[in-house]
Amino acid sequence: MPRPILATIHTSALRHNLDVARRRAQGARVWAVVKANAYGHGIERVFDAFRAADGFALLDLAEAEQLRQLGWRGPILLLEGVFEPRDLEICSRLSLWHAVHTDAQIDWLSQHKTQVPHRVFLLMNSGMNRLGFTPARYRAAWARLNALPQVDDIALVTHFSDADGDRGIAHQIDVFEATTRDLPGERSVANSAALLRHADAARVRGDWVRPGIMLYGSSPDYPAHDATHWGLQPAMTLASRVIGVQHLEAGDTVGYGSTFTADGPMVVGTVACGYADGYPRHGGTGTPVLVNGVRTRTLGRVSMDMLAVDLTGLPQAGVGSEVTLWGRAGNGALLPVEEVATAAGTIGYEPLCALALRVPVRVET
Ligand SMILES: *Cc1c(COP(=O)(O)O)cnc(C)c1O
């Protein structure tokens, strides 16, 4: 028997979450963002559910190639654009749309020989200072692209730094609008947080929205709002089993570094899941976990292959008990990945993307 750890992908949840995004988008077209191997879920595993999207947005040419091999003939967008001139040949061959955010990428396009002109997404750095042309240089980049025979369509794009937080998006979208007011072309600005929190405004919906994390059922602005608040369903469950039980007395410690000390008699379950499975190591004692669908907590440090859970007061629990690290337990109880992540000092995106190759994955249709 293999180690009892298992990730389950809930196809019906993926479909449901895409519907939520589609309703919020109110007619804007929807890119299903599937970078990082569909946020750890596996492109080939989410493909069927996300066929109902208008396009797929990602970063790696290999992932684009994979989508074409799966039979997707619609739009595919490279969110970081190409990394070297040769990549443009693959864009032409696979008819990929690609972001443009540097002068070098425009130079490469101007040298590129292609039968079919490309659709490009011109990125503006409206304040996040990650990728894109500053507002002062944006229109010059647009004019350069517009003069190229290799380009037939230029969409106008920016990305928000604070769609999930108090600072919000107004300062960025005002700059974006002022700079692009009289330029033709489709607009795309909204990630999940903007789509959920700010998309009552048509200018935020634009022509294309770019939801990622919400499609996987995780709230982008937890703990302000949880997934249930947004009507999202978790698309991944990580589950394992208790493989050992220890009975502790006051003063006994648990795990590497002895960071947890019992203050009385306790029962500790050892679970076949560790950081080499993608479980976050930084939670320490107190990260929530479900045993037989009942909420309890982790104890001490997470090891490479195992972690400890508190079974004190759970008399039914023992070797073989079901442990839900995140997602949905057999009894229907839910443990949101963002809650686990928050206890470990990170965000829900990270443990999803970090799901390790060694974890077997089952797709529940
Ligand atoms: C990752 C990404 C998204 C999706 O972000 P979520 O927060 O997961 O919705 C959208 N746009 C761009 C440019 C991205 O890089």
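I will go through the ligand site, one pair of helices and two local backbone features of this structure, which is a predicted model.

Let me begin with the ligand, which has 13 residues around it, the closest being Lys 35, Tyr 39, Ser 192, Ile 213 and Tyr 349. Two of these tyrosines also appear when we look at distances between polar atoms: an N or O atom in the side chain of Tyr 39 is 2.5 Å from an oxygen atom of the ligand, and for Tyr 349 the corresponding distance, again to a ligand oxygen atom, is 2.6 Å. On the nitrogen side, a nitrogen atom of the ligand is placed 2.9 Å from an N or O atom in the side chain of Arg 210. As for burial, the ligand on its own has 390 Å² of accessible area, and the protein covers 89% of that.

Staying for a moment with the stretch that contains Tyr 39, helix 2 spans residues 35-39 and includes Ala 36. The backbone of Ala 36 deserves a remark, since this residue has a positive phi, about 50°, although it is not a glycine.

The second backbone feature is a cis peptide bond, which joins Tyr 222 and Pro 223 with omega at about 5°. Where does Pro 223 sit? Pro 223 is in the loop that runs between strand 9, residues 208-209, and strand 10, residues 236-248.

Finally, the helix pair: the axes of helix 6, residues 103-111, and helix 7, residues 135-146, come within 10 Å and cross at roughly 10°. An angle under 35 degrees counts as roughly parallel, and therefore helix 6 and helix 7 are described as roughly parallel to each other. On the helix 6 side the contact is made by Asp 103, Ile 106, Asp 107 and Leu 109, while helix 7 contributes Arg 137, Ala 141, Arg 144 and Leu 145. Sorted by class, this contact has four nonpolar and four charged residues, with no polar ones.

Notes. Residues are numbered from 1 along each chain as its sequence is written. This is a predicted model: local features need pLDDT of at least 70, side-chain atom pairs count only at pLDDT 80 or more; totals for chains, interfaces and linings use all residues. Side-chain values use heavy atoms; hydrogens and water are left out. Axes are lines fitted to C-alpha atoms, for helices over the stretch in contact, and angles run from 0 to 180 degrees between N-to-C directions. Helices (H or I, at least four residues) and strands (E, at least two) are DSSP runs, numbered from the N terminus. Angles under 35 degrees count as roughly parallel, over 145 as roughly antiparallel, 65 to 115 as roughly perpendicular and the rest as oblique. Contact means heavy atoms within 4.5 Å. Ala, Val, Leu, Ile, Met, Phe, Trp, Tyr, Cys and Pro count as nonpolar, Asp, Glu, Lys and Arg as charged, and the others, Gly among them, as polar. A residue is near a molecule or strand if one of its heavy atoms lies within 4 Å of it. A polar contact is a pair of N or O atoms within 3.5 Å; within protein, one must be able to donate a hydrogen and the other to accept it, and residues adjacent in sequence count only if both atoms are side-chain atoms. Accessible areas come from the Shrake-Rupley method with a 1.4 Å probe; for residues, only the protein chains shown count as cover.
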